[in-house]
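Here is a short report on one protein chain. Look at the structure first, then read on.

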Amino acid sequence: MEAVSPHRLYFDRLVTPRRSLTRLGVILLMVPFAVVNVFFGLLMYAKGAVVVPVFLGLDVAGLSLALWMNFREGKRGERVVVSAEEISVARVDPPRSREVWRSSTAFTRVELKDPGKHASRLSLATRGQELVLGARLSPVEREAFAHDLEAAVKAARAERW
């Protein structure tokens, strides 16, 4: 994403979801899981239960697919940039980024509905349009993000006006 304005940036943040498992954690989970499934699969095959290893293999494949999708989703995010002139939001999905919102700082409101609740909603609003931000954040993180964004918008307005 190119620079928003030659003016000072008051806010430039990439919002991504927090993941509880690191790559090492996934390996430490998958290796024993696969070893146990292979062991029981071979044991069942030796006892004549030919179908059981197939389902155990599907079990490993299903967990691997779920973890892969989780990591893929974890790379997605939103970049929010506030300057004195405008607020710009881009959806980031490596390796590309696409801008979805651009509005004047003077006329854009930061709204946080139901703060502190799981269903809280942070949005930018202007001229009848609204964009939801931080949907993947926890309620506490969303509230802190809203506070920081509101402070940046106020500081940007102060420079301009």
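Start at the surface of this predicted model. Tyr45, Val50, Val51, Val54, Phe55 and Leu58 form a nonpolar patch there. Together they have about 630 Å² of accessible area. Which helix gives the most to this patch? Helix H2, residues 52–74, does, with 3 residues. Tyr45 belongs to another element named here: its place is in helix H1, residues 23–46. Tyr45 counts as exposed because its relative accessibility is 52%, and the cut-off for exposed is over 50%.

**Strand E2 and its partners**

Now move to strand E2, residues 77–83. Is E2 mostly covered or mostly open? E2 is mostly covered, as 6 of its 7 residues are buried.

E2 pairs with strand E1, residues 9–15. The two run antiparallel and are joined by 6 bridges. One pair to find is Leu9, whose bridge partner in E2 is Ser83.

E2 also pairs with strand E3, residues 86–93. Again 6 bridges join the strands, and they run antiparallel. Here Gly77 stands opposite Val92 in E3. A hairpin of 2 residues joins E2 to E3.

**Arg76 and Asp93**

Arg76 sits in the loop between H2 and E2. What does Arg76 touch? Leaving out residues up to four places away in sequence, Arg76 touches Val15, Thr16, Pro17, Val92, Asp93 and Arg136. The C-alpha atoms of Arg76 and Arg102 are separated by 19 Å, with their positions 26 residues apart along the chain.

Asp93 deserves a second look. The side chains of Arg76 and Asp93 make a polar contact of 3.5 Å. The two residues also form a salt bridge, with the closest N and O atoms 3.5 Å apart. This pair links distant parts of the chain: Arg76 in the loop between H2 and E2, and Asp93 in strand E3, 17 residues apart. Side chains of opposite charge can pair when their charged atoms come close.

Are these two residues buried or exposed? Neither label fits. Arg76 counts as partly exposed because its relative accessibility is 25%. Asp93 counts as partly exposed because its relative accessibility is 22%. Buried would need a value under 20%, and exposed a value over 50%.

**A network around Glu111**

The structure holds 11 salt bridges. Some of them meet in a network that links Arg109, Glu111, Lys113, Arg121 and Glu130. Glu111 lies in strand E5, residues 109–113. Which residues does Glu111 touch? Not counting residues up to four places away in sequence, they are Arg121, Leu122, Ser123, Ala125 and Glu130.

The side chains of Glu111 and Arg109 share a polar contact of 3.1 Å. Arg109 is partly exposed, with a relative accessible area of 45%. Lys113 is partly exposed too, with a relative accessible area of 38%.

The table lists three of the salt bridges, with the distance between the closest N and O atoms.

| Salt bridge | Closest N and O atoms |
|---|---|
| Arg76 and Asp93 | 3.5 Å |
| Arg109 and Glu111 | 3.1 Å |
| Lys113 and Glu111 | 3.9 Å |

Glu111 appears in two rows of the table, with Arg109 and with Lys113.

Methods
Residues are numbered from 1 along each chain as its sequence is written. This is a predicted model: local features need pLDDT of at least 70, side-chain atom pairs count only at pLDDT 80 or more; totals for chains, interfaces and linings use all residues. Side-chain values use heavy atoms; hydrogens and water are left out. Patches are made of residues with over 30% relative accessible area and no salt bridge: like charges are joined within 9 Å, nonpolar side chains (Val, Leu, Ile, Met, Phe, Trp, Tyr) within 5 Å. Accessible areas come from the Shrake-Rupley method with a 1.4 Å probe; for residues, only the protein chains shown count as cover. A salt bridge is a side-chain nitrogen of Lys or Arg within 4 Å of a carboxyl oxygen of Asp or Glu. Helices (H or I, at least four residues) and strands (E, at least two) are DSSP runs, numbered from the N terminus. Buried means under 20% relative accessible area, exposed over 50%, partly exposed in between (1.4 Å probe, protein chains only). Contact means heavy atoms within 4.5 Å. A polar contact is a pair of N or O atoms within 3.5 Å; within protein, one must be able to donate a hydrogen and the other to accept it, and residues adjacent in sequence count only if both atoms are side-chain atoms. Two strands pair if DSSP finds at least two bridges between them.
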